[in-house]
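Student: I have the sequence and the coordinates open. Could we go through the fold by question and answer?

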Amino acid sequence: MIDHTVTGVDAPVSQRAKTFIDAPVDFVKHTINGTLEWFGDLGTFFWQVVRAAVTPPFEFRELFRQLDEIGSKSLPLVALAGAATGVVLSLEARYSLTRFGAKSLLPAAIVFSVIHETGPIITGLVVSGRVGAGIGAELASMKVTEQIDAIEASAVNPYRLLAATRILACILMLPLLTLAGDACGLLMGWVTQAMVEPLSLHQFINSGFSGADFNDFLPPTLKTAVFGLIIGLIACFQGMRTQGGAAGVGRAATSSVVLSSLFVILADVVLVKIIIVFFP
Amino acid sequence: MATTDQIDSSTVMKRQESEGKTGAPAVAVENLRQSFGSQKVLNGISLTVSRGETLAVLGRSGTGKSVLLRIIIGLQKPDSGSVRIHGQDIAGFTLDQLGEIRKKMGFLFQHAALYDSLTVEQNVAFPLQHHRKMTKSEQSDRVRGLLAEVGMEGHLDKMPADISGGMQKRVGLARALALDPDILLLDEPTAGLDPISSGEIDDLVLKLQDEHHMASIVVTHDLHSAKTIADRLALLDQGNVVIAGTFEDLQKSDIEFVREFLKHS
């Protein structure tokens, strides 16, 4: 039986036009299906983790290990990123505010920028890079070498031992890391100012926080707990569903960082709006 | 060691009680089917293994031997068919319910699957930490005892990456025995080992079966090993059990595939 179908440039114009239209349509369909499937699997994974996290036995030892791994070991990086942000903000704000004759507002501009937005988002992105990649690669490596199966075969729930502990550690540590990042940012913001003209730390803080209240400080810091949930959840999910050896481990690490960073930024948009509405 | 002995004897008593009550085989697999895409891996397999019995599952690569073990311990759900452990059908069990069944089972993975961030001692202690209320010294005694059983007592502080494949399998075996299981599942225990190490693993498995009287299922390509350690052998081809019986039954068989398999083994 000879197949008389003509394809490619030799195909009739009507057939080529059909292929030209079908290909992108199929691509869009495939992408939408894949995305919906991913969200469905993520929801199922989240439910399994929540169910495992709220039922005994609780894995306190592993939780404390993860608090150290995710919290203490991210601290230098977050502090450095916060400090660098403080310096940049200070330089930029000084230049802009001096042009508009509002140099006296400089401390307040730095304080508000750091605690409202740059501190939380920079911390979220730094942690999603360091911790997201770490968790994604670690769990993916355990998956492809059957270590997660071995945990399950030892009658230990891997959602409880591996995922719940890491996600909870991310949720708990992100606000604390944000505080550290904020402190370093403000400190370096003051140092940068003090290098240009004499200004004591006391004056800088008094002036910077004079118009601030609790609502300026608490909601933006606590919103990073949501960033922690996103980073932990996505990294654990991508790691524990990995397939395909070393290449799979690489893909899991990369996708953990990319997706968690993306969702942290998207969540920030929503959370900023919510904070403005509920904590004006 | 007195505490360990007490634990062992109480566990054995519980085990005997449970089997006395149910009278069911330790493992019963019925009409198990599993496909991956269009590829049928298991095509209605039925097998039973009683307490104290060792069944070797043989077959060509890709005939679903490892998949069978993974389904028995609940790491994979079959498309259809049932798995009964001591008479309990595990279909539809949640992860925590499966956990209770798995406490009675030990699994040696093909590549040992030791936790690479833990030492040899910590690997073997892992199931004990999660399921046995023991003091640190009791736990340490138990771990040392298990590692002594498999000839690894001198390597407590080594990391899995620092020991050979054969040693990793021994440690994996010690970990599988940590909860004193009723059922032992061994996935290719001698694969990738030199003949001397393979022989040592075979001797070890025989010794452990003699001492612990477990129901064991051993998946292997190694006919010599299967002949040495198993009471019965089941030969799989294209997702079906071609023959199940003693090694002599296989030798007497007229089935073409069985003759071919024995000829090339």
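Student: Which residues lie on each side of strand 7 of chain B, and are they buried or exposed?
Tutor: This is a predicted model. On one side of strand 7 of chain B are I183(B), L185(B) and D187(B), and on the other are L184(B) and L186(B). Strand 7 spans residues 183-187, and five of its five residues count as covered in this sense. Both faces are therefore covered, a residue counting as buried if 20 or more other C-beta atoms lie within 10 Å of its own; the state of the listed residues is buried.

Student: In which open sheet does strand 7 of chain B sit, and what is the strand order?
Tutor: The sheet has six strands and mixed pairing. Its edge strands, each pairing on one side only, are strand 6 and strand 10 (240-245) of chain B. From one strand to the next the twist averages 15°. The order is 6-7-8-3-9-10.

Student: Which residue of strand 7 of chain B stands opposite F107(B)?
Tutor: Strand 6 of chain B, residues 105-108, runs parallel to strand 7 of chain B, with four bridges joining them. In that pairing, the residue opposite F107(B) is L185(B).

Student: Which residue of strand 8 of chain B stands opposite D187(B), and what is the hand of the crossover between strands 7 and 8?
Tutor: Strand 8 of chain B (residues 215-219) is parallel to strand 7 of chain B, and five bridges join the two. Opposite D187(B) is V219(B). Between these strands the chain passes through helix 7 of chain B, residues 195-212, and this β-α-β crossover is right-handed.

Student: What stands opposite L58(B) in strand 9 of chain B?
Tutor: Strand 3 (residues 54-59) and strand 9 (residues 232-237) of chain B run parallel and are joined by five bridges. The residue opposite L58(B) is L235(B).

Student: At what angle does helix 6 of chain B run to strand 6 of chain B?
Tutor: Helix 6 of chain B covers residues 165-177 and lies across strand 6 and strand 7 of chain B. Its angle to strand 6 of chain B is about 170°.

Student: Why do strand 2 and strand 5 of chain B each have one side without a neighbour in the sheet?
Tutor: They belong to an open antiparallel sheet of four strands in the order 2-1-4-5. Strand 2 (39-49) and strand 5 (88-89) stand at its edges, so one side of each lacks a neighbour there. The reason is that each has a single partner strand.

Student: Which residue of strand 2 of chain B is the bridge partner of Q34(B)?
Tutor: Strand 1 of chain B, residues 27-36, pairs with strand 2 of chain B in the antiparallel sense over eight bridges. Helix 2 of chain B (residues 65-72) lies across strand 1, strand 2 and strand 4 (80-85). The bridge partner of Q34(B) is L42(B).

Student: Which residues touch the most other members of the largest nonpolar core?
Tutor: In soluble globular proteins, nonpolar side chains tend to be buried together. The core here has 124 residues. L185(B) has contacts including L69(B), I72(B), F107(B) and I217(B). Touching the most other members are C236(A), V27(B), I72(B), A174(B) and L185(B).

Student: How many nonpolar residues does the side of chain B that touches chain A have?
Tutor: In this contact, 16 residues of chain B meet 11 residues of chain A. Helix 3 (95-102) and helix 4 (120-131) of chain B are the elements giving two or more residues to that side. By class there are four polar and three charged residues, and the nonpolar count is nine.

Methods
Residues are numbered from 1 along each chain as its sequence is written. Chains are lettered from A and ligands numbered from 1 in the order in which they are written. This is a predicted model: local features need pLDDT of at least 70, side-chain atom pairs count only at pLDDT 80 or more; totals for chains, interfaces and linings use all residues. A residue is buried if 20 or more other C-beta atoms lie within 10 Å of its own, exposed if 12 or fewer, and partly exposed in between; C-beta atoms are placed from the backbone. Two strands pair if DSSP finds at least two bridges between them. A crossover is right-handed if, with the strands pointing away from the viewer, the path from the first strand over the helix to the second runs clockwise. Two residues are in contact if their C-beta atoms, placed from the backbone, lie within 7 Å. Axes are lines fitted to C-alpha atoms, for helices over the stretch in contact, and angles run from 0 to 180 degrees between N-to-C directions. Ala, Val, Leu, Ile, Met, Phe, Trp, Tyr, Cys and Pro count as nonpolar, Asp, Glu, Lys and Arg as charged, and the others, Gly among them, as polar. A nonpolar core is a set of buried Ala, Val, Leu, Ile, Met, Phe, Trp, Tyr and Cys residues joined through C-beta atoms within 7 Å. Lists of a residue's contacts leave out its neighbours within four places in sequence.
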